[in-house]
Each structure stands twice: as C-alpha cells, then as structure tokens.
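Subject: Model for you to look at

Hello,

Here is the structure I said I would pass on. My notes on it follow below.

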Amino acid sequence: MSDSGSGTGGELPSIDFSTFVLSLSTSALYQMGLVNGPDGAPVSEPDLIMARQTIDTLKMLHRKTQGNLDEVEIKLIDNLLYELHTRFVAL
C-alpha cells in the first residue's frame, strides 16, 4: 500500500497487533504531555481524560485478545500497560 495522501512519497508500514498497540501507547504518552519536540519541550498539554481512555482501550484489547496472542505480543502489551499505568499515576 502506498502513502499517496501524506506527501512523503514513502510506503506505509504494515499494521499488525504490535504496531497497533505501540501506536496507542504513543498516543497515550502524547496525551499525558510526555512526548517532547526537538527543543525538549512537551508537544502538547496533558489531557489526562483522553490518556485514561487510551489506556483503558489498551486494557480492553488485552482482555479481549486473551488466548489469541503469541508470547511476544503478550509481553509487549503487558509491559506497555505497566509503563503507561506507572506514568499516569505519577502525573
């Protein structure tokens, strides 16, 4: 599949479970204001309600996919949820 709409001219990466949950976790970090720009400053103001919803979405995916993931995918989502939960509570 080509990336015809973004103007970058490159190929889009394939989407699998791991890239999907990594994308959601990055969104949660962004929503918590923990993604920094090139100048080192956060690129967004924290929106903890949206961050909580994104983390809850990951929890729901974890629950709904039980028994259907391989060991690497299980470890990935477990680690992401732990990291996101820890950072969210710290805020």
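The model is predicted. Helix 1 covers residues 17–31, which makes 15 residues. At 1.5 Å a residue it should span 21 Å, and its end C-alpha atoms are 21 Å apart, so the expected and computed lengths agree.

The buried residues of this helix are F17, S18, V21, L24, S25, A28 and Q31. Because they cover an arc of only 150 degrees around the axis, they sit on the same side of helix 1. The general background is that an α-helix has 3.6 residues a turn, so residues three or four places apart point the same way. What does this buried side pack against? The partners of the buried residues of helix 1 are helix 2 (48–64) and helix 3 (71–90).

Both ends of helix 1 have something to note. At the N-terminal end, D16 acts as the cap, with a side-chain oxygen 3.3 Å from the backbone nitrogen of S18. After the helix comes G33, which has a positive phi, near 75 degrees.

On the core: the largest nonpolar core has 16 residues, and those touching the most other members are V21, M32, I55, L58, I77 and L84. Helix 1, helix 2 and helix 3 each supply at least two residues of this core, with the largest share, six residues, coming from helix 3.

M32 is listed in more detail here. Leaving out residues up to four places away in sequence, M32 touches P46, L48, A51, I55, L84, R87, F88 and L91. Of these, I55 and L84 are also among the core residues that touch the most other members.

Regards

How values were computed:
Residues numbered from 1 in each chain as written. Predicted model: local features only at pLDDT ≥ 70, side-chain atom pairs only at ≥ 80, totals over all residues. Heavy atoms only, no water. Helix = DSSP H or I, 4+ residues; strand = E, 2+ residues; numbered from the N terminus. Expected span 1.5 Å × (residues − 1). Buried < 20%, exposed > 50% of the residue type's maximum accessible area, 1.4 Å probe, protein only. Arc of directions from axis to C-beta. Contact = heavy atoms within 4.5 Å. Polar contact = N/O pair within 3.5 Å; in protein donor to acceptor, adjacent residues only side chain to side chain. Core = buried A, V, L, I, M, F, W, Y, C linked by side-chain atoms within 4.5 Å.
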